[in-house]
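Student: Got a minute to go through this one with me? I'd like to talk about a pocket first, then some helix packing and backbone oddities.
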Amino acid sequence: MNSIHTGVSRRSFMRILGAASAAATAFPAFGAVQQAAGAPAQTQGRRGLGGGDMGEMRHLSADTVIISSNENPLGPAQSALSAISTTAPMGGRYHQEETMKTVAVFNDLFGLKKGYLALTPGSGGPLDLALMSNIGPDKPLVYGDPSYEQGPRAADTMKAPKFPVPLTATYAHDVKAMLKAHPSPGAYYIVNPNNPTGTMTPKEDIVWLLNNKPAGSVVIVDEAYHHFSNDESVIDLVAQDKDIIVLRTFSKIYGMAGLRAGVAVARPDLLAKFNTVAPPARSLASISITSAAAARASLEDKQLVPLRRKINADVRSETLEFLEKHGYKTVPGSQANMFMVDVKRPGRDFQQAMLKENVAIGRTWAAMPNYVRVTVGTKDEMQKFQTAFVKCMDTPPGTVNGAAYLHLPEFHVPSELYRG
Ligand code: PLP
């Protein structure tokens, strides 16, 4: 098995040893919190340092509701925690068997041939490599607007021209306009469901783009939030050897953001191209055995996705109904664990006002400056959100004093590339 299959060479394993051991170290804390609460581990939230979609840049008070980074308040499944405790004692050795077993389970689930999958610590790192290996000064990036900022950030790194294309009236990626944006881009980046709107781009649109795009360009589909939706994945198009790279993560529905596991799925030649990205940006790091085992247990836990999809959809509907009933405008059609709401003032100011009420909500996007993104938390958290939201909306803009400043960078830094 080459380094693409396992996502690791011994040298690169050594490089990311810090990240791997952090995941392993996190294990006792997860277990302890869960035991103490007798309930899902992550309801306790995160109070430490981080950045953007990977956490706030300041310490939050213990009772702050954290619905800012599209994390899953339920944390890892019990099946995943058990798998971690079984494998952690083996952590003294460079086991690759766990990784290979998890790759095999994923391959079986999606009918993929050997060599079409890289298992990585989270999907942010491979997403960068998927983007960076296909764009450059003469190979532009075409992407939706508003959408996840990692696309344009990678374009900046690679000095690739950027072609943002507004979403359609239903907040889907406008594939026809994306095709017209440039005659020969290096890549089209589609986030489905989209971050920040949570809205879907129909699979037939992605198929249409693949069938009509110029030769030599790739379609990169980021399915980080896919499990929350009822739509079909596009992973089958990889199995058909199309020019497509699909990213998936265990950070969202599987509640493993801190444990770090994700996959890049593509033809072997497209995965091999990841190695053409120059260091230090290149870092397809290896995954810890505990994370590999937790990811596999999550995949094999057949109740997990349907159950969590329903929990998320129920809480999201209740929250959106509340907002609509009170006359607030939201972006319709979210099928993810987030939604956008119009706060009728600069979103950043509103974010600070909410923080003063101990509710950390998400950031805003230049294309929709008066909207903020809100992550769907637990029922209880969303009730606190509702109370704070109404209070802040009832307070005239510009009157918030003394709110602790929450510094949210425009986009997150994948931990694999983090130089903190
Ligand atoms: N893609 C999208 C659309 C995201 O929102 C995120 C994180 O929030 C990622 C990728 C990266 O997530 P991770 O590196 O935790 O897998």
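Student: Which residues lie nearest the centre of the second largest pocket?
Tutor: Keep in mind this is a predicted model. Phe110, His227, Arg248, Tyr254 and Val305 lie nearest the centre, out of 18 residues that line the pocket.
Student: And what's the volume of the second largest pocket?
Tutor: About 320 Å³.
Student: What's the split of its lining into nonpolar, polar and charged?
Tutor: Eight residues of the lining are nonpolar, five are polar and five are charged.
Student: Which helices and strands each supply at least two residues of that lining?
Tutor: Three helices and a strand do: H5 (97-110), H12 (289-300) and H13 (304-325), plus strand E7 (244-249).
Student: OK, and where does the pocket lie relative to domain 1 and domain 2?
Tutor: Between them, because both domain 1 (2-36 + 76-300) and domain 2 (43-72 + 304-418) give residues to the lining.
Student: Switching to packing. At what angle do H4 and H12 pack?
Tutor: Helix H4 (residues 78-87) and H12 pack at about 145 degrees, and their axes are 8 Å apart.
Student: Is the crossing of H4 and H12 left-handed or right-handed?
Tutor: Right-handed.
Student: Which residues in H4 and H12 meet?
Tutor: From H4 you have Ser79, Ala80, Ala83, Ile84 and Thr87, and they meet Ile289, Thr290, Ala293, Ala294, Ala297 and Ser298 in H12. Seven residues of this contact are nonpolar, four are polar and none is charged.
Student: Now the backbone. Which residues does the cis peptide bond with omega about 5 degrees join?
Tutor: Asp145 and Pro146. Pro146 sits in the loop between strand E3 (141-145) and helix H7 (150-158).
Student: And what's omega for the bond from Asn192 to Pro193?
Tutor: Near -5 degrees, so to speak a cis bond again. Pro193 is in the loop between strand E5 (187-191) and helix H9 (203-212).
Student: Last one: what's phi of Lys159?
Tutor: Near 55 degrees, which is positive in a residue other than glycine. You'll find Lys159 in the loop between H7 and strand E4 (162-166).

Conventions: Residues numbered from 1 in each chain as written. Predicted model: local features only at pLDDT ≥ 70, side-chain atom pairs only at ≥ 80, totals over all residues. Heavy atoms only, no water. 1 Å grid on protein atoms, 1.4 Å probe; cavity = no way out; pocket = protein on both sides within 12 Å on 5 of 7 lines; lining within 4 Å. Points joined across faces, edges and corners; volume = space filled by probe spheres on them. Helix = DSSP H or I, 4+ residues; strand = E, 2+ residues; numbered from the N terminus. Nonpolar A, V, L, I, M, F, W, Y, C, P; charged D, E, K, R; others polar. Domains from an automatic or database assignment. Axes fitted to C-alpha atoms, helices over the stretch in contact; angles between N-to-C directions. Left-handed = near helix turned anticlockwise from the far one by under 90°. Contact = heavy atoms within 4.5 Å.
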